[in-house]
Amino acid sequence: MTELLTDAFLPGLWAGYALAVPVGALAVLLVSVTARTSFRVGASAALGVATADGLYALAAVAGGAALSRAVAPVAGPLRSLAAVLLLGMAVRTAVRALRNRGTQDGPERDVLGRPGRAYLAFLGLTLINPWAVLYFSALVLAGGAGTPAGLAGPAAFVAAVTLASVSWQLFLAAGGTVLGRSLTGSRGRAVTALLSAVVVSGPAIGLLVRG
């Protein structure tokens with residue numbers, strides 16, 4: 001149980017929050033939709049985002065074992081590549097946060113006023129995000145997607161990623177207009193993006209230290 005918690009569930013929470021925390025265009029839209037409609041609609045949109053994140057995590061762990069056997073002869077260089085990819089993502093996030101810290105928010109989109117419509121729209125918008133594909137692919141190469149043997153480890157990893165995404169997206173939705181102004185303003189977006197950059201860099205540094 002301890003191994004399951006430390007090697008799968010906690011890394012899944014870390015990975016989920018690292019992906020979910022940056023406040024970008026989709027998070028701004030989520031807060032805006034909630035503020036202008038209801039928490040029910042915003043929660044549906046949040047669940048759409050979390051569903052997509054969970055599906056990406058599931059795809060990552062489902063192919064992880066086969067990928068691991070295929071790349072075993074070059075596992076060392078691939079771990080270094082994964083570390084570089086994760087560090088590159090962290091640097092890119094931090095640079096964009098600092099570069100755009102003084103910019104103003106763009107115009108809001110039309111409200112998605114029904115829970116079902118909001119869920120499907122945010123699910124689709126998240127699924128077409130190439131950032132999530134790259135992120136979970138790097139985690140698979142790094143060996144950080146449900147390491148314990150059997151089905152329990154991958155399942156715990158996917159559940160943790162989904163839980164982290166759900167909790168953050170619901171936090172944004174519950175924030176409404178009050179937290180929305182602080183989190184989606186230029187300063188709030190910079191702070192959350194820099195926080196995400198630090199979180200993403202953690203597994204990369206661990207890979208480099210272990211060699």
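These legends go with a few close-up views of a predicted model. Residues are numbered from 1 along each chain as its sequence is written, and side-chain values use heavy atoms, with hydrogens and water left out. Because the model is predicted, local features need pLDDT of at least 70 and side-chain atom pairs count only at pLDDT 80 or more, while totals for chains, interfaces and linings use all residues.

**View 1. The whole chain, made of 9 helices and 0 strands.** Here helices (H or I, at least four residues) and strands (E, at least two) are DSSP runs, numbered from the N terminus. Of the chain's 211 residues, 43% are buried; buried means under 20% relative accessible area, exposed over 50%, and partly exposed in between (1.4 Å probe, protein chains only).

**View 2. Ala46, tucked into helix α3.** This helix covers residues 39-62. Ala46 counts as buried because its relative accessible area is 0%. Setting aside neighbours within four places in sequence, Ala46 is in contact (heavy atoms within 4.5 Å) with Leu30, Gln169 and Leu170. Leu170 is 124 residues away along the chain, yet the C-alpha atoms of Ala46 and Leu170 are separated by just 5.8 Å.

**View 3. Leu55, on the same helix α3.** What about this one: buried or partly exposed? Leu55 is partly exposed, because its relative accessibility is 43%.
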